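Let's take a walk through this structure together, beginning with the ligand and the residues around it. Have the model open beside you as you read.

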Amino acid sequence: MRIETLSVFPQMFEGPMDASIIGRARRMSKLEFAAHDLRDWTHDRHRSTDDEPFGGGQGQLMKVEPVFEALDDLLADEPAQVLFFTPVGETFTQSIAQQLAREQRLVMVCGRYEGFDERVYTRADRCISLGDYVLTGGELAAMVVTDAVCRLLPGVLGDELSNIEESFHGNLLEYPQYTRPASYRGLSVPEVLLSGDHAKIAAWRRRQSIIRTARLRPDLLPDAELSEQEWDLVRACRRDLADEATSIERSDCER
Ligand code: JBE
């Protein structure tokens, strides 16, 4: 896969795109990466990429012409899926990462300042947001998406992971894991994990995943594939939470 970014701070990508798994994927030619400088498509002496908003208001906006001209050039020879990073986009998920990992080429456009002139979005195949917070620019978002996509590319991680990845662990949170020592400062590893009984361990892990998801991320459950028995466990966790709330309420009233 080829990933390119378009931004006024291409140097931000140095380092994160060279280290660890992404660096290795590049050296193995599983991933090609290039950070383009949007200023290369400006024509004025100051190489300006931003300007004041029509109608007034705070801050500067990214201009439309450099983005259009850059995309004309970048897409001239080879098609690509064009992504824009903006808080107005769809929220990035593992499922979007899986879709993007199937593309041949991604061009990620990263804004700065208060955002883009709205007309740039006519060039977008997809607008993506990392979440409901405001970043100073889209570069870090592009790196997050590159990281999530890169690890899904065939041969980048061991292929043994690929089945698990298909569904983000069946829409359940990861079960708790431990390594040596078995006991540390009075904190011990659950007995079952030391038992060597693989069936029992698998059952315990599945149960822990369900309990955690029910308690911490109930929003994931509608898409989880659970057996009737497992739904009973979810309902028990919900009753537990309700009971906890009731007992907290009670103890508050008794004070
Ligand atoms: O999430 N994002 O893609 C953003 C991009 C630019 C600014 N804030 C964001 N949250």
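**Around the ligand**

With three residues, β5 gives the most to the shell around the ligand. Keep in mind that this is a predicted model. Two strands, β5 (81-91) and β7 (126-129), each supply at least two residues of that shell. If you pick out the residues that surround the ligand, you will find among them Phe85, Thr86 and Pro87, then Ile128, Ser129, Leu130 and Gly131, and further along the chain Tyr133, Val134, Leu135, Gly137 and Ala141. Sorted by class, eight of the shell residues are nonpolar and four are polar, while none is charged.

Now look at the backbone, where three polar contacts reach the ligand one by one. A backbone N or O atom of Leu130 sits 2.7 Å from a ligand oxygen atom. For Tyr133, a polar backbone atom is 2.8 Å from a nitrogen atom of the ligand. At Ile128, a polar backbone atom lies 3.4 Å from an oxygen atom of the ligand. The ligand taken alone exposes 270 Å², and the protein buries 94% of that.

Next, step back to the space itself. The ligand takes up the largest pocket, which has a volume of about 440 Å³. Its lining counts 25 residues, and those nearest the centre are Phe85, Thr86, Pro87, Val88 and Gly115. Here again β5 and β7 are the elements that give two or more residues to the lining, and β5 has the largest share, five residues. By class, the lining of this pocket holds 13 nonpolar, nine polar and three charged residues.

Technical notes
Residues numbered from 1 in each chain as written. Predicted model: local features only at pLDDT ≥ 70, side-chain atom pairs only at ≥ 80, totals over all residues. Heavy atoms only, no water. Near = heavy atom within 4 Å. Polar contact = N/O pair within 3.5 Å; in protein donor to acceptor, adjacent residues only side chain to side chain. Areas by Shrake-Rupley, 256 points an atom, 1.4 Å probe, with all protein chains shown as cover. 1 Å grid on protein atoms, 1.4 Å probe; cavity = no way out; pocket = protein on both sides within 12 Å on 5 of 7 lines; lining within 4 Å. Sits in = over half its atoms within 2 Å of the grid points. Helix = DSSP H or I, 4+ residues; strand = E, 2+ residues; numbered from the N terminus. Nonpolar A, V, L, I, M, F, W, Y, C, P; charged D, E, K, R; others polar. Points joined across faces, edges and corners; volume = space filled by probe spheres on them.
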